[in-house]
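Trainee: I have a new structure open on my screen, and I would like to learn how to read it. Could you walk me through it?

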Amino acid sequence: MNIIIVGCGKVGYAIASQLTEEGHEITIVDSNAARLERACSSLDTNGVVGNGTAYSVLLEAGINEADVFIAVTKHDEVNLLSCLIAKKANNCQTIARVKQPEYYEEIEFLSNELGISYAFNPELMTAREVFMLIHSPAALEIDSFSKNSVNLMKAKIPEESSLVNMSLKAMSSSIRSEVLVCIVERDKKVIIPSGDFVLKAGDTISFVVPMKQAYHFFKEIGLKPKSIKHVVIAGGGTIAYYLAKYLHEKTSVKVKIIEPNKTLCERLSNALPYCMIINGDINDTDLLEQENIADADALIGLSDVDEENIVFSLYASKMSKAKIITKINRSEFYGAFEDLPGSLVCPRNITAESMIGFVRHLESSYGNVDAVYKLNNNQVEALEFSLDKSSKIVGVPIHSLNLKDNLLICSISRGKKIIKPRGNDILEAGDTIVVVTTHKGLLAANDILKK
């Protein structure tokens, strides 16, 4: 597909990188010539220097031939206006980054009036992911499908776990939860396991389990999740604002935010009167001790500087047994930080996955792609497909499907019912399925079959 991306900052570069890997023709528009040249040289994409709201610049970028137009500058107004111009010029699919709360609260109206196909908010999406990690404190990572009714969770098997030296086949009968292990990472190698696979201490497993059974499963395998009642957030940016608001609206968790910018602290105090706002340096150890971070149940590094978040998390892991969550902005270094304590979140990765899912949905001819997640340092993809009667996998027992190697169907959603897949289950039109695989770029449900 021909795709134009306006904005070559961190978010724009990440999206361009992922979509280039997917095989799309990318043209980037940015007013910063040096930054644009570096990006185009690195990614082997086309580039046009100029303002994304100028019709002449969009014509030079090829708006008349574009299938998708993505505006991801730092300024919401620029993104909204450039999408409007692109829509008027070509009636292509338009995607806008909208991060300011006052705009995003009115996004349905703005999208309808401006003809925007998809508006996304990286900060809000990141806050939602952090919220889910707080809600399931034993999980290292959570990816959601089927409107949050199916969750793919990641956890590390402790030494004393009942799962050690147990095969997945035996686990199905001994663990009292409807859990299905989909991915195992051992010694940096990723495995899509069969029923004969034997688990070991230290394995990192990704599994599907009903949310209402998650707590029991974690407890049964020796992870003993602790309920979270007190959260300390290091950094008071937009993500922290959204997260604090979520926690207030949906839980009784107490929130404390530490932020060095006094003006921002005052704004947060007005916007979040139910939170405690502390004006101070998040890496000031005396301050952290004074604020009793050792007594917190979750410690979350959300500043705009990766190094600050990393230092905060490392210090927090020595001072506390709390759930630790670290925001990493530089997605290119994400794999190097995987040994940090607790969970990592990367807004750029979250955004890029959202874009990939949207574009693949446009590309798919049958069995639409509804969601895509890149897992285990991009070694695995988890995808959600919606099935219709034209799909070759409908009406056939799963054990009779000639599935590709290193591919597993790990969940079936049928109406409000979530089904753990078994060999005799028959897929139906209207189902949605979640698949994990080491194969890249699947576009339709039929692609899970060997040719």
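Trainee: Which residues line the largest cavity?

Mentor: Good place to begin, and please keep in mind that this is a predicted model. The general idea is that rolling a probe the size of a water molecule over the atoms shows where empty space is left. Here the lining of the largest cavity consists of Glu 141, Asp 143, Leu 152, Met 153, Lys 154, Ser 206, Leu 375 and Asn 376. Strand S7 (141-145) and strand S8 (150-156) are the elements that give two or more residues to this lining. The largest share, three residues, is from S8.

Trainee: How many nonpolar, polar and charged residues does that lining have?

Mentor: There are three nonpolar, two polar and three charged residues. The space inside the largest cavity is about 40 Å³, and a search of the whole structure turns up one cavity of 30 Å³ or more.

Trainee: Let's turn to pockets. How much space lies in the largest pocket?

Mentor: About 1,300 Å³. Its lining has 45 residues, and those closest to the centre are Val 11, Lys 74, Arg 97, Lys 99 and Glu 123. Several elements give two or more residues to the lining, among them helix H1 (10-21), strand S2 (25-30), helix H2 (33-43), H7 and H14. Sorted by class, the pocket lining holds 18 nonpolar, 14 polar and 13 charged residues.

Trainee: H7 and H14 both appear there. At what angle do H7 and H14 pack?

Mentor: In general, two packed helices are described by the angle between their axes and the distance between the axes. For helix H7 (residues 122-135) and H14, the angle is about 105° and the axes are 9 Å apart. The two helices are therefore roughly perpendicular to each other. On the H7 side, the contact is made by Pro 122, Met 125, Thr 126 and Glu 129, and on the H14 side by Pro 347, Ile 350, Thr 351 and Ser 354. These contact residues divide into four nonpolar, three polar and one charged.

Trainee: Now the sheets. What is the strand order in the open sheet of six strands?

Mentor: A reminder of the principle: strands of a sheet pair through backbone hydrogen bonds, either parallel or antiparallel. The six-stranded open sheet has parallel pairing and the order S3-S2-S1-S4-S5-S6. Strand S3 (46-49) and strand S6 (118-120) each have a single partner strand, so one side of each is left without a neighbour in the sheet. From one strand to the next, the twist averages 15°.

Trainee: Which residue in S6 is the bridge partner of Arg 97?

Mentor: Phe 120. Strand S5 (residues 93-97) and S6 pair in the parallel sense over three bridges. Helix H4 (residues 76-90) packs on this sheet, where H4 touches strand S4 (68-71) and S5, and the direction of H4 makes about 175° with that of S5. H2 lies across S2 and S3, at about 175° to S3.

Trainee: And the open sheet of five strands: is its pairing parallel or antiparallel?

Mentor: Antiparallel, in the order S18-S19-S22-S20-S21. Strand S18 (369-375) and strand S21 (417-419) stand at the edges with a single partner strand each, so one side of each is left without a neighbour in the sheet. Six bridges join S18 to strand S19 (residues 380-386), and Ala 371 has Glu 384 of S19 as its bridge partner. Helix H14 (residues 347-363) packs on this sheet and touches S18 and S19, with its direction at about 145° to that of S18.

Methods
Residues numbered from 1 in each chain as written. Predicted model: local features only at pLDDT ≥ 70, side-chain atom pairs only at ≥ 80, totals over all residues. Heavy atoms only, no water. Pairing = 2+ DSSP bridges. Helix = DSSP H or I, 4+ residues; strand = E, 2+ residues; numbered from the N terminus. Contact = heavy atoms within 4.5 Å. Axes fitted to C-alpha atoms, helices over the stretch in contact; angles between N-to-C directions. 1 Å grid on protein atoms, 1.4 Å probe; cavity = no way out; pocket = protein on both sides within 12 Å on 5 of 7 lines; lining within 4 Å. Points joined across faces, edges and corners; volume = space filled by probe spheres on them. Nonpolar A, V, L, I, M, F, W, Y, C, P; charged D, E, K, R; others polar. Parallel < 35°, antiparallel > 145°, perpendicular 65-115°, else oblique.
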